[in-house]
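Q: Please take me closely through the surroundings of the bound molecules, with the cut-offs behind each term.

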Amino acid sequence: MKSMKADMITRNAVPLQTENWQKRQAEAVRDPAELLELLGLPRQLLPAAKQAAREFGLRVPREYLSRITPGDIHDPLLRQVLPLAEELYAQPGFGTDPVGDAAARAGAGILHKYHGRVLLITTGACGIHCRYCFRRHYPYQQDSLLGQQWQQTLSYLESNTDVEEVILSGGDPLSLSDDRLSRIISDLDAIPHLKRLRIHSRQPIVLPQRVTSALLARFEQIRMQAIMVVHVNHAREIDVEVSTALRHLNQAGCVLLNQSVLLAGVNDTVESLVDLSRRLFETGVMPYYLHQLDRVAGAAHFEVEDQHARSLMEGVRAQLPGYLVPRLVREHSGAANKLPLD
Ligand SMILES: *Cc1c(COP(=O)(O)O)cnc(C)c1O
Ligand code: SF4
């Protein structure tokens, strides 16, 4: 109750920060040595961090960094961004295209895998680099929505009249500018059979300043129903600024859902999953999916056994109302939907 009240007061008192998110994004920490220094972490971690960061660069917005407890090597937020030696060990069964994206490509930047929904790779860029990212090896250079390719994407959507929902994904679609995004939305809004626009984004969590008043105004004007699926793995990722940004999105008419990845050392306890669901609901977000890790090379150390995952879900169900229990799913290449595990 206390924290809800604090949030409400903040909502009224703190004006929405809108200026200069691009500058803040550019100022993200990319140098492993700087990360270790800012957080007071042992220098022995540096050689491995540097080597792992050559495969997939380090990237942490300073806003996110400020939520990490200095000196704590086990911090669940730190673990999501710190490159470790474990990433460098090859593991059988972990590959570069774990979810069959290559086979689902219906055109440049178009993934049409599931009935009625088309996912668009809008950009390869993200505001943060999560070490377990299932698209860390995705060939983005070939796939992004630019110029001519965008016209082809629109033609594809226009001619596939059974598509009801377009999902903007990436990378992170909210790493595009408001102008670019606004043009994409307008073009989609003009296709009558599209009923829903869904945006998969972690930006409101890692850089809440990204929720600008221009973006909110755009959502208020949209014909399609707008859904934002954010990506939070731990309750501590939602601080007061994030909570404010989420409330603004809600007020602008966005339905807010969350997807998480089940990650060893981050959220693989009943307590952590329960806290996360509670915190999400306090900020107007409904838990949607809890993903079993996609088996992407370099992320094996985050994997949680299926059996343990199921028993965690049992524990969560025993404590929370049904609507706060996310669906535990795994993505299989070639399947007609994400497969429930529990
Ligand atoms: C996850 C995903 C979707 C969305 O699936 P939902 O079950 O509707 O959330 C759509 N297309 C692709 C390619 C996906 O990976
Ligand atoms: S924000 Fe999403 S797409 Fe970007 S690195 Fe993290 S998991 Fe991957």
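A: Gly 171 lies in the loop between β4 (165-169) and α9 (178-189), where helices are DSSP runs of H or I with at least four residues and strands are runs of E with at least two, numbered from the N terminus. This is a predicted model, in which local features need pLDDT of at least 70 and side-chain atom pairs count only at pLDDT 80 or more, while totals for chains, interfaces and linings use all residues. Side-chain values use heavy atoms, without hydrogens and water, residues are numbered from 1 along each chain as its sequence is written, and chains are lettered from A and ligands numbered from 1 in the order in which they are written.

The peptide bond that joins Gly 170 and Gly 171 is cis, with omega about 10°. Most peptide bonds are trans. Gly 171 also belongs to the surroundings of ligand 2, together with Cys 126, Ile 128, His 129, Cys 130, Cys 133, Arg 202 and His 231; a residue is near a molecule if one of its heavy atoms lies within 4 Å of it. This shell divides into four nonpolar, three polar and one charged residue, on a scheme that takes Ala, Val, Leu, Ile, Met, Phe, Trp, Tyr, Cys and Pro as nonpolar, Asp, Glu, Lys and Arg as charged, and the others, Gly among them, as polar.

Ligand 1 has a shell of six nonpolar, no polar and five charged residues, including Leu 111, Ile 167, Tyr 289 and Lys 338. Three strands, β2 (110-114), β3 (117-121) and β8 (286-291), each supply at least two of its residues, and β2 gives the most, with three. Polar contacts (pairs of N or O atoms within 3.5 Å) link oxygen atoms of ligand 1 to the side chains of Tyr 288 at 2.7 Å, of Arg 198 at 2.8 Å and of Glu 331 at 3.3 Å. The protein covers 93% of the 390 Å² of accessible area that ligand 1 has on its own, by the Shrake-Rupley method with a 1.4 Å probe.

The loops that follow β3 and β8 are also linked by an aromatic pair. Tyr 132 and Phe 302 are edge-to-face, 5.5 Å centre to centre with 90° between the planes; rings of Phe, Tyr and Trp (its six-membered ring) pair if their centres lie within 6.5 Å, and planes under 30 degrees apart count as stacked, over 60 as edge-to-face and the rest as tilted.

Key. Polar contact = N/O pair within 3.5 Å; in protein donor to acceptor, adjacent residues only side chain to side chain.
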